[in-house]
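Dear colleague,

I am handing over a structure that is new to you, and I would be glad if you looked at it before reading my notes. The notes come after it.

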Amino acid sequence: MRLVYFGTPEVATTPLRALCSAGHEVVLVVTAADTRRGRGSAVTPSPVKAVAMELGLTVSEDPQDVLSLDADLGVVVAYGRIISSQLLDHLNMVNLHFSLLPRWRGAAPVERAILAGDAQTGVCVMEVAEGLDTGGIYAQAEIDLDDRVTAAELRDQLVSLGSDLLLDQLHQGLGEAIPQSEVGVTYAHKLHAPDAQLLWDSPSDLLLRRVRVGGAWTTFRQKRFKVLSAQIVQVDVLEGDPSMRSAQVAPGTLASAGLVRTGDFWIELLRVQPEGKAAMSASDWANGARPGGEVLGE
């Protein structure tokens with residue numbers, strides 16, 4: 001098929017490669033404008049643009065360029081912009097979306113599924129329509145969510161699953177899209193810093209979900225302190241020390257072993273990153289900082 005591909009971040013590079021490897025002709029790649037980052041404000045292309053250039057594909061930052069093309073279908077994967085009705089009138093489009101619609105329409109479905117404690121998630125090949133992820137569903141595939149998978153790991157699983165589903169649908173023909181139910185609609189709003197803050201009076205499982213999503217933070221000695229990985233420790237008294245009986249310890253209190261009191265149990269810090277320093281094991285950090293008895297988040 002002659003395809004126009006819309007995508008921007010790293011998550012959209014694997015489906016693009018898969019389409020090209022399967023023999024589809026990608027006549028144009030539409031992506032976000034280059035950004036300026038780092039020292040000297042060096043210009044950096046989007047991950048999709050970098051891959052498209054590697055593959056020798058034509059790239060544009062202007063979606064209006066599609067209007068001059070003759071293509072069979074548009075494929076949208078994490079493009080990051082609303083597709084105008086003018087473009088939809090010109091070219092039928094499908095979207096690879098990383099949730100089981102109508103749950104988690106919007107920008108951050110992978111992260112929101114973990115934060116909500118969902119037991120399942122998945123991918124959908126859907127029609128692109130006006131509105132936020134409101135189009136009908138051509139196909140979907142499900143995946144179980146355990147209480148250990150990180151957002152990065154889950155995203156990789158869904159990208160692989162979704163790329164295969166997309167190729168299968170293009171090979172066998174899209175057929176008729178099934179309209180989405182309006183029951184159970186939720187929105188995966190973009191995450192902001194407060195979504196990643198560790199509030200230590202919360203239940204341990206909720207705190208661990210924030211850690212698994214990535215970017216979880218608290219404060220230690222008035223500086224930002226990231227928690228990169230951790231695990232729940234369900235004990236009542238730490239090492240037989242009556243002074244560390246759970247019910248008597250304030251949430252956020254650090255034990256000398258790098259354990260943190262939460263709203264119900266304890267969390268063991270495994271990997272952390274103090275402000276201005278490289279990531280390190282929690283044991284190395286604790287050996288240097290000697291934080292016993294101090295409270296995170298104060």
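Below is what was found, going from the whole chain to the sheet, the helices, the later strands and a few single residues.

Please keep in mind throughout that this is a predicted model. The protein has 8 helices and 16 strands, and its C-alpha trace spans about 75 × 50 × 30 Å along the principal axes. Of its 298 residues, 46% count as buried. If one takes the contacts between residues at least 6 apart in sequence, 63% of them join residues that are at least 24 apart.

A good place to begin is the open sheet of 7 strands, whose order is β5-β2-β1-β6-β7-β9-β10 and whose pairing is mixed. Its edge strands are β5 (59–60) and β10 (137–144), each of which pairs on one side only. Within this sheet, strand β1 (residues 2–7) and strand β2 (residues 25–30) pair in the parallel sense over 5 bridges, and Phe6 has Val30 in β2 as its bridge partner. Helix α5 (residues 151–172) lies across β1, β6 (73–77), β7 (93–97), β9 (120–127) and β10, and it runs at about 150° to β10.

Turning to helix packing, helix α1 (residues 13–21) and helix α2 (residues 47–54) pack at an angle of about 25°, with their axes 9 Å apart. Angles under 35 degrees count as roughly parallel, and α1 and α2 are therefore roughly parallel to each other. Their crossing is right-handed. On the α1 side the contact is made by Thr13, Leu16 and Arg17, while α2 contributes Pro47, Val48, Val51, Ala52 and Glu54. The residues of this contact divide into 5 nonpolar, 1 polar and 2 charged.

Further along the chain, strand β12 (residues 217–220) and strand β13 (residues 223–233) run antiparallel and are joined by 4 bridges, with Thr219 standing opposite Arg224 in β13. These two strands form a hairpin with 2 residues between them, and Arg221 in the turn has a positive phi of about 55°. Gln222, which is found in the loop between β12 and β13, has a phi near 65°, again a positive value in a residue other than glycine. Strand β13 also pairs with strand β15 (residues 266–274), in the antiparallel sense and over 8 bridges; here Ala230 has Leu269 in β15 as its bridge partner.

The loop between β7 and β8 (105–106) deserves a separate look, and Pro102 is found there. The peptide bond from Leu101 to Pro102 is cis, with omega near 15°. Trp104 has its place in the loop between β7 and β8 as well, and its phi is near 65°, a positive value in a residue other than glycine.

One question remains for the two residues just described: is Trp104 buried or exposed, and is Gln222 buried or exposed? Buried means under 20% relative accessible area, so Trp104, with a relative accessible area of 10%, is buried. Exposed means over 50%, so Gln222, at 66% relative accessibility, counts as exposed.

With kind regards

Methods:
Residues numbered from 1 in each chain as written. Predicted model: local features only at pLDDT ≥ 70, side-chain atom pairs only at ≥ 80, totals over all residues. Heavy atoms only, no water. Axes fitted to C-alpha atoms, helices over the stretch in contact; angles between N-to-C directions. Parallel < 35°, antiparallel > 145°, perpendicular 65-115°, else oblique. Left-handed = near helix turned anticlockwise from the far one by under 90°. Contact = heavy atoms within 4.5 Å. Nonpolar A, V, L, I, M, F, W, Y, C, P; charged D, E, K, R; others polar. Pairing = 2+ DSSP bridges. Buried < 20%, exposed > 50% of the residue type's maximum accessible area, 1.4 Å probe, protein only.
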